[in-house]
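The following exercises ask the reader to work from a set of coordinates to a description of helix packing, residue burial and backbone geometry. Each task is followed by a worked solution.

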Amino acid sequence: VELYDVAQSDRTEILTRMLTAKGFLFGSSTHDNDMLPNIAAFLEIVKGLKPKGRKVGFFGSYGWAGGAVKEMQEMLKDSAADQIIPGISFKYVPDESELAGCFEFGSKFAQSLK
């Protein structure tokens with residue numbers, strides 16, 4: 001597992017590492033009913049690469065109304081990547097039970113890669 005912040009990391013490095021990965025999890029908080037601009041720009045690149053045979057999952061948070069997870073899913077819907085589990089999103093900071101749901105989400109995703 002490797003963790004990258006697309007706002008801080010070199011995108012070329014991230015994309016190079018993605019070439020050998022079996023799957024990707026993308027996350028964003030919601031800003032103006034959409035994903036953050038940095039992740040939107042990065043997903044446009046990923047979409048163009050058409051990551052066939054790779055599995056994807058999406059997670060996020062929101063304050064007023066959610067939208068980031070839905071928008072990320074929509075953006076990569078036709079990319080040839082396989083979304084194998086429903087995305088998750090939580091209002092503000094997840095509580096203890098929601099964190100357990102996050103752990104389960106990650107575990108299910110990891111199991112799908114085996």
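The exercises below concern this structure, which is a predicted model.

**Exercise 1. Packing of H1 and H2**

Determine how helices H1 and H2 are oriented to each other, and state which residues make the contact.

Solution.
- Step 1. Two packed helices are described by the angle between their axes and the distance between those axes.
- Step 2. H1 spans residues 11-18 and H2 spans residues 37-49; the angle between them is about 40 degrees, and their axes lie 12 Å apart.
- Step 3. Angles under 35 degrees count as roughly parallel, and those between this class and the roughly perpendicular one, which begins at 65, count as oblique. H1 and H2 are therefore oblique to each other.
- Step 4. The handedness of the H1 and H2 crossing is right-handed.
- Step 5. From H1, the contact draws on Arg11, Ile14, Leu15 and Met18, while H2 supplies Asn38, Ala41, Phe42, Ile45, Val46 and Leu49.
- Step 6. Sorted by class, the residues of this contact between H1 and H2 are eight nonpolar, one polar and one charged.

**Exercise 2. Packing of H2 and H3**

Carry out the corresponding analysis for H2 and H3.

Solution.
- Step 1. The axes of H2 and H3 are 9 Å apart and enclose an angle of about 20 degrees.
- Step 2. With the limit for roughly parallel set at under 35 degrees, H2 and H3 are therefore roughly parallel to each other.
- Step 3. H2 and H3 cross in a right-handed sense.
- Step 4. On the H2 side the contact consists of Ile39, Ala40, Leu43, Glu44, Val46 and Lys47, and on the H3 side of Met72, Met75 and Leu76.
- Step 5. The contact of H2 with H3 comprises seven nonpolar and two charged residues, with no polar ones.

**Exercise 3. Surroundings of two serines**

Establish whether Ser28 is buried or exposed, and do likewise for Ser112; then list what each one touches, leaving aside residues up to four places away in sequence.

Solution.
- Step 1. Ser28 belongs to strand E1, residues 23-31.
- Step 2. Buried means under 20% relative accessible area; Ser28, at 7%, is therefore buried.
- Step 3. The residues touched by Ser28 are Met35, Leu36, Ile39, Phe59, Gly60, Ser61, Ala68 and Met72.
- Step 4. Between Ser28 and Pro94 the C-alpha to C-alpha distance is 14 Å, with a separation of 66 residues in sequence.
- Step 5. Ser112 lies in helix H4, which covers residues 96-112.
- Step 6. The relative accessible area of Ser112 is 19%, so this residue too is buried.
- Step 7. Ser112 touches Lys55 and Ile84. In addition, the Ser112 side chain reaches the backbone oxygen of Phe109 at 2.6 Å.

**Exercise 4. Positive phi outside glycine**

For Ala80 and Tyr92, give the phi angle, the location and the exposure class.

Solution.
- Step 1. Although Ala80 is not a glycine, its phi is positive, at about 85 degrees.
- Step 2. Ala80 is located in the loop between helix H3 (68-76) and strand E4 (82-83).
- Step 3. The relative accessibility of Ala80 is 41%, so Ala80 counts as partly exposed.
- Step 4. Tyr92, likewise not a glycine, has a positive phi of about 55 degrees.
- Step 5. The loop between strand E5 (88-91) and H4 holds Tyr92.
- Step 6. Exposed means over 50%; at 55% relative accessibility, Tyr92 therefore counts as exposed.

Note on methods
Residues are numbered from 1 along each chain as its sequence is written. This is a predicted model: local features need pLDDT of at least 70, side-chain atom pairs count only at pLDDT 80 or more; totals for chains, interfaces and linings use all residues. Side-chain values use heavy atoms; hydrogens and water are left out. Helices (H or I, at least four residues) and strands (E, at least two) are DSSP runs, numbered from the N terminus. Buried means under 20% relative accessible area, exposed over 50%, partly exposed in between (1.4 Å probe, protein chains only). A polar contact is a pair of N or O atoms within 3.5 Å; within protein, one must be able to donate a hydrogen and the other to accept it, and residues adjacent in sequence count only if both atoms are side-chain atoms. Contact means heavy atoms within 4.5 Å. Axes are lines fitted to C-alpha atoms, for helices over the stretch in contact, and angles run from 0 to 180 degrees between N-to-C directions. Angles under 35 degrees count as roughly parallel, over 145 as roughly antiparallel, 65 to 115 as roughly perpendicular and the rest as oblique. A crossing is left-handed if the near helix is turned anticlockwise from the far one by less than a right angle, and right-handed if clockwise. Ala, Val, Leu, Ile, Met, Phe, Trp, Tyr, Cys and Pro count as nonpolar, Asp, Glu, Lys and Arg as charged, and the others, Gly among them, as polar.
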